[in-house]
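Work through the exercises below with the sequence and coordinates at hand. Each task is followed by a worked solution.

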Amino acid sequence: MSNVRTGAQIIWETLVREGVKTVFGYPGGAILPAYDAMLDYPVRHVLVRHEQGATHMADGYARASGEVGVAIATSGPGATNMVTGIATAMLDSSPILCITGQVGSRAIGTDAFQETDVTGVTLPITKHNYLVSDVDDIASTIHEAMYVARSGRPGPVLVDITKDAQQLSTELEWDPSDVKLPGYAPDLRATEAEYQRAADLINRAKRPVIFAGHGVMLSGAMGQVLDLAERANIPIAMTLLGIGGVPAQHPLNMGMMGMHGEAWVNEAIQEADLLLAFGMRFDDRVTGNLKTYAPNARKIHIDIDPAEFNKNVKVDVALAGDLSMVLSDLSPLVESGDRTDWLHTIHDMKGDVAVRDIQNLPDNGHLYAAHVINDIWRITNGKAIVVTDVGQHQMWEAQYYRHNEPRTLITSGGLGTMGFALPAAIGAKLANPDAEVWVVAGDGGFQMTMAELATIAQENIKINVAVINNGYLGMVRQWQEFFYERRYAATPLLSPDFAKLAECFGLAGATINTRADVEPAISKARSDERTVVMDFQVEQEDTVYPMVPAGADLHKMIRRPSLAPIVETADDE
Ligand SMILES: Cc1cc2nc3c(=O)[nH]c(=O)nc-3n(C[C@H](O)[C@H](O)[C@H](O)COP(=O)(O)OP(=O)(O)OC[C@H]3O[C@@H](n4cnc5c(N)ncnc54)[C@H](O)[C@@H]3O)c2cc1C
Ligand SMILES: Cc1ncc(C[n+]2csc(CCOP(=O)(O)OP(=O)(O)O)c2C)c(N)n1
Ligand SMILES: [Mg+2]
């Protein structure tokens, strides 16, 4: 068979050779040649309802599977609709490939119909991007783009391909060998002396804490982290994106750190004499006031991206490289240690867990989001993949759903993109067809991308959707409550009847407003073959505790004032 192919065919042929089985996209003029060729290749195309959805689906696919997720769109508005999803993937180091059509190469720069300089627009929010105007460059560029997306610190890559490059033909030359790029060295190694310094600090430390970040899962170092922690008796704190990297039930796992982390975790960090930061980037949600952050602690930072070293927090030892590789070299130098005193101190700090824990509240007729999420956790045995949106419900999910497996919490941490959950869950489900997938979204964020319910219906996808409906843009309302004298500017939110809405799409819906109805609704949804949208009408002015106000000292948290009553509903007033 001749090796001559059109550029459009080469796009699919290279994607198939790269192992891509599913793409998320939306057609249009400049990508039409590629769409025409697609029909002849074994690729499942998921027609989205908005290109932002395609990028979040690719992102959800990548986060659930560890493989590169692929999204495709046309030029101009198709490409610009992808911007939010690309930035979301960039901030959370998620490997996605976005392919966009571009106007013909001769028309570039003429303000041609649907022309946008999308490589210019996405330059700061991609790990790398390419404009391809020569059919001979398509195969090698896609091969390189896939490599760049998944290697080193993963991230989004965009390949913009002109319409004429898609239409012209050439001899397909496929070179599957490793990509070598000048100036790009994803495989870094620290020196032996640096390893020894790190080991000495660990062996001498009396009050160390391991920070398990997103990099633990990205590098597949879960077992090694636990092994080190157990041998040296070091407690572990997780970032939001590190959740799942260490089993929630493990006795050394204290829980989440930071703005809405567990109070005792933040207190332990402030008292620690050594922090071992594993694949995390000291986000401002994690550190609070940098001037008073972990004042007594030496710091060891292991990260694949040296640009993260000393960016926010000055560290004593920085070990560059893939966490799993670094730990293979470091762990043999670490002595087993008995840190009973430190572990007891932390255990005592845990004493006031009930201050935040509203599980103990008797059923007082109020439905709290925490109850809904705790019930989802209990009934799914903690085994579901939960994809959250952004806001209060996201934090309650992190607090009340206890994840024991990696890649089972999928959430937009760095960009905090509302509208992420529903499309990302579609991607996660297609990456893991046998998994039970749940969306936990707010009434605000759900309305940003709920058109993707039509995608769910068309593709016959089964997920469970819990809308935590508090009638507010709750997280912003919470800031207004604390810092703007309860002046609720533009946060009260009217919503459609979500259950009826689901039915309009041919899906199932349910409305739940009492605590007793939560469990039966969850169980019924799980046994329904259709996607079910559950409208949980919860306490309207409930608040996420504890909270470190932005920029405040990490240990100066706002705590839940008392156990009962928590807050009156708007209806009670
Ligand atoms: C409303 C809201 C509230 C939030 N509150 C909190 C909070 O209370 N606590 C909290 O923790 N977060 C919170 N966040 C999330 C926060 O903004 C950050 O997204 C999060 O802290 C980042 O976690 P991370 O550093 O582990 O992951 P990432 O930002 O994904 O960073 C991963 C790091 O790992 C490195 N890495 C990647 N691959 C490897 C590898 N193979 N080997 C070694 N290193 C690798 C990367 O270079 C990077 O430095 C909140 C977000 C929102 C939207
Ligand atoms: C696209 C986008 N716009 C605005 C924001 C700012 N924001 C953060 S949380 C939030 C409120 C979310 O409300 P809802 O989805 O109802 O969730 P809740 O906090 O009530 O659980 C807003 C507006 C954002 N994160 N993303
Ligand atoms: Mg809300």
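The exercises treat two helix pairs, a metal site and one strand residue.

This is a predicted model, in which local features need pLDDT of at least 70, side-chain atom pairs count only at pLDDT 80 or more, and totals for chains, interfaces and linings use all residues. Residues are numbered from 1 along each chain as its sequence is written, chains are lettered from A and ligands numbered from 1 in the order in which they are written, and side-chain values use heavy atoms, with hydrogens and water left out.

**Exercise 1.** Classify the packing of helix H16 against helix H23.

Solution. Helices (H or I, at least four residues) and strands (E, at least two) are DSSP runs, numbered from the N terminus. Axes are lines fitted to C-alpha atoms, for helices over the stretch in contact, and angles run from 0 to 180 degrees between N-to-C directions. For H16 (residues 369-379) and H23 (residues 518-527) the angle is about 50 degrees and the axes are 10 Å apart. H16 is therefore oblique to H23 (under 35 degrees is roughly parallel, over 145 roughly antiparallel, 65 to 115 roughly perpendicular, the rest oblique). On the H16 side, Val372, Asp375, Ile376, Arg378 and Ile379 meet Val518, Glu519, Ile522, Ser523 and Arg526 of H23. These contact residues comprise five nonpolar, one polar and four charged (Ala, Val, Leu, Ile, Met, Phe, Trp, Tyr, Cys and Pro are nonpolar, Asp, Glu, Lys and Arg charged, the others, Gly among them, polar).

**Exercise 2.** Repeat the analysis for helix H3 and helix H18.

Solution. H3 (residues 51-65) and H18 (residues 421-431) pack at about 45 degrees, with axes 6 Å apart. The two helices are therefore oblique to each other. Their contact residues divide into nine nonpolar, five polar and no charged.

**Exercise 3.** Which protein donors does the magnesium ion (ligand 3) have?

Solution. Donors are N, O and S atoms within 2.8 Å of the metal (3.2 Å for Na, K and Ca); water is not among the atoms, so sites may look incomplete. Asp443 (OD), Asn470 (OD1) and Tyr472 (O) lie 2.0 to 2.1 Å from the ion. Their spacing along the chain is D-x26-N-x1-Y. Asp443 belongs to helix H19 (residues 443-449) and Asn470 to the loop between strand S18 (464-469) and helix H21 (474-483), so the pair ties together parts that are 27 residues apart in sequence.

**Exercise 4.** Is Asn464 buried or exposed?

Solution. Asn464 is found in strand S18. Its relative accessible area is 2%, so Asn464 is buried (buried is under 20%, exposed over 50%, partly exposed in between; 1.4 Å probe, protein chains only).

Terms used
Contact = heavy atoms within 4.5 Å.
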